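Please open the model in the viewer and display side chains as sticks. The tour proceeds by selection, one group of residues at a time.

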Amino acid sequence: HTWYQLGNAQLHVIAQPNMPAEANNKHRHICYSVSDINVFVSRLRQMNMHYESWNGQKHQLTRRPDGAQQLYLQDAHGYWWEINDAPPMPTTNQRR
């Protein structure tokens, strides 16, 4: 895992050898962190948008080992988006 600081944003890169390139592979996703995931979930529900946990449970969140909650959305092209409430990681080029 490598973290890069990009202004006010962070980029987290995970190397996965031999990962299939298809769009619907949940392992290949972009991620955004929000300050209040419950507010985000409320908005998704108001818009009748589908979201799911990591293991595919409809309208459920996953709690990660670090305590952050996350959900997954799929766009019209089949690509996955993770939304979580994780706090920012340490700055520029920190490796975990």
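**Charged pairs and ring contacts**

Begin by selecting E82 and R64, whose side chains form a salt bridge with an N to O distance of 3.2 Å. This contact spans 18 residues of the chain, from E82 in strand β6 to R64 in the loop between β4 and β5 (69-74). The model is a predicted one. E82 is buried, at 6% relative accessible area, whereas R64 is partly exposed, at 22%.

Add D66 to the selection. R64 forms a salt bridge with D66 as well, and here the closest N and O atoms are 2.7 Å apart. Through shared partners, R64, D66 and E82 belong to one salt-bridge network.

Next, select E52 and K26. The structure has three salt bridges in total, and one of them joins E52 to K26, with 2.8 Å between the closest N and O atoms. E52 sits in the loop between α1 (37-46) and β4 (62-63), and K26 in the loop between β2 (9-13) and β3, so the pair ties together parts 26 residues apart in sequence. Both residues are buried.

Keep K26 in view and add W80: K26 lies over the face of W80, 4.6 Å from the ring centre.

Finally, turn to the aromatic side chains. Two aromatic pairs are found in the whole structure. In one of them, Y32 and W81 are stacked, with ring centres 5.8 Å apart and 10° between the planes. Y32 belongs to strand β3 (residues 29-33) and W81 to strand β6 (residues 80-84), 49 residues apart. Y32 is partly exposed, at 46% relative accessible area, and W81 is also partly exposed, at 29%.

Methods
Residues are numbered from 1 along each chain as its sequence is written. This is a predicted model: local features need pLDDT of at least 70, side-chain atom pairs count only at pLDDT 80 or more; totals for chains, interfaces and linings use all residues. Side-chain values use heavy atoms; hydrogens and water are left out. Rings of Phe, Tyr and Trp (its six-membered ring) pair if their centres lie within 6.5 Å; planes under 30 degrees apart count as stacked, over 60 as edge-to-face and the rest as tilted. Helices (H or I, at least four residues) and strands (E, at least two) are DSSP runs, numbered from the N terminus. Buried means under 20% relative accessible area, exposed over 50%, partly exposed in between (1.4 Å probe, protein chains only). A charge sits over a ring if NZ of Lys or CZ of Arg is within 6 Å of the ring centre and within 35 degrees of the ring normal. A salt bridge is a side-chain nitrogen of Lys or Arg within 4 Å of a carboxyl oxygen of Asp or Glu.
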